[in-house]
Amino acid sequence: MYYLCFFVTAVASFAQHLPKYADQLGFDAVFAGKAMGIFMMGTLVGALTFGLLSDRIGAQITTILALVCGGAAILTLILGGRYPVLFNAAALVFGFACASVGTLGPLLTTAIFGQKDYSRIYSSIAMGMAFAGMVSMSGYGFIYDAFHSYVPVLWAICAMLLICMVCVLTAFTDKKRRAA
């Protein structure tokens with residue numbers, strides 16, 4: 001659970017670099033600003049949707065959906081980001097997926113660990129999430145400086161999303177094993 005929240009926060013932290021990635025692809029500042037607005041619309045819709053979905057289909061499936069959306073957005077940025085429509089679509093879906101950081105962390109904590117010791121468990125998870133944000137935002141910048149491209153960062157984000165998928169599946173499998 002700790003690794004899941006750490007990596008999801010690291011993935012979402014790439015949003016701060018979206019304007020620079022747009023610049024790298026040749027888009028102007030106006031386009032980058034509009035793309036960030038589209039990203040924020042995705043975040044708004046995602047926050048509302050993930051709360052509703054987790055009530056209806058559970059935190060595990062909702063988290064997997066968020067991870068798949070994040071992966072689709074990142075792959076679209078890698079493979080089709082040079083096209084304005086695809087870049088904006090990826091920004092929207094990435095914003096949707098990034099909303100899972102604030103919504104699903106508490107829900108997953110309750111779903112996996114229950115209410116007992118929730119505040120103690122989630123507070124340590126939240127500290128790791130803050131650390132992930134600090135490290136990843138700087139790390140992405142360092143990687144960009146080293147390679148003069150965000151493509152290695154985006155592939156690393158794809159890897160982190162896969163790690164998150166394994167983490168969520170493992171957490172719920174372990175929960176079932178403990179209950180049996």
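Visitor: What makes up the area that the protein exposes?

Guide: The protein exposes about 9,000 Å², and carbon and sulfur atoms supply 71% of it. Accessible areas come from the Shrake-Rupley method with a 1.4 Å probe, and for residues only the protein chains shown count as cover. The model is a predicted one, in which local features need pLDDT of at least 70 and side-chain atom pairs count only at pLDDT 80 or more, while totals for chains, interfaces and linings use all residues. Residues are numbered from 1 along each chain as its sequence is written, and side-chain values use heavy atoms, with hydrogens and water left out.

Visitor: Where in the protein is confidence lowest, and where is it highest?

Guide: The lowest mean, 83, belongs to helix α6 (residues 100–113), and the highest, 96, to helix α5 (residues 84–98). These values are pLDDT, the predictor's confidence in each residue, from 0 to 100. Over the protein the mean is 90, and 96% of the residues reach 70 or more. Where pLDDT is low, the predicted coordinates should not be read in detail.

Visitor: How many helices and how many strands are there in the protein?

Guide: There are eight helices and zero strands, where helices are DSSP runs of H or I with at least four residues and strands are runs of E with at least two, numbered from the N terminus. The order of elements from the N terminus is accordingly α-α-α-α-α-α-α-α.

Visitor: Why is the protein called as compact as a globular protein of that length?

Guide: Its radius of gyration is 16 Å, close to the 16 Å that the globule rule gives for 180 residues, so the description applies. The radius is taken over C-alpha atoms, and the rule is 2.2 Å times the number of residues to the power 0.38. Along the principal axes, the C-alpha atoms fill a box of roughly 55 × 35 × 25 Å. Among contacts (heavy atoms within 4.5 Å) between residues at least 6 apart in sequence, 80% join residues at least 24 apart.

Visitor: Why is Ser 54 called buried?

Guide: Buried means under 20% relative accessible area, exposed over 50%, and partly exposed in between, with a 1.4 Å probe and protein chains only. Ser 54 has a relative accessible area of 10%, so it is buried. Buried residues make up 46% of the 180 residues in the protein.

Visitor: Which residues does Ser 54 touch, not counting those up to four places away in sequence?

Guide: Ser 54, which lies in helix α3, touches Ala 59, Thr 62, Leu 104 and Leu 107. Leu 104 is 50 residues from Ser 54 along the chain, yet their C-alpha atoms are separated by 8.1 Å.

Visitor: What makes Leu 44 count as exposed?

Guide: Its relative accessibility is 55%, which is over 50%, and therefore Leu 44 counts as exposed. Leu 44 lies in helix α3 (residues 29–57), and with Val 45 and Leu 48 it forms a nonpolar surface patch of about 310 Å² of accessible area together. Patches are made of residues with over 30% relative accessible area and no salt bridge; like charges are joined within 9 Å, and nonpolar side chains (Val, Leu, Ile, Met, Phe, Trp, Tyr) within 5 Å.

Visitor: Why is the pair Lys 20 and Asp 23 called a salt bridge?

Guide: Side chains of opposite charge can pair when their charged atoms come close. A salt bridge is a side-chain nitrogen of Lys or Arg within 4 Å of a carboxyl oxygen of Asp or Glu. In this pair the closest N and O atoms are 3.4 Å apart, so the criterion is met. Because they are three residues apart in helix α2 (residues 18–24), Lys 20 and Asp 23 are separated by about one helical turn. Lys 20, at 33%, is partly exposed, as is Asp 23, at 42%.

Visitor: How many salt bridges does the structure hold?

Guide: The structure holds two. Asp 117 forms one of them with Arg 120, with 3.6 Å between the closest N and O atoms. Asp 117 is partly exposed at 37%, while Arg 120 is exposed at 54%.

Visitor: What makes the phi of His 148 worth a remark?

Guide: His 148 has a positive phi of about 55° although it is not a glycine. His 148 is found in the loop between α7 and α8, and its relative accessible area of 61% makes it exposed. Asp 117, likewise not a glycine, has a positive phi of about 65°.
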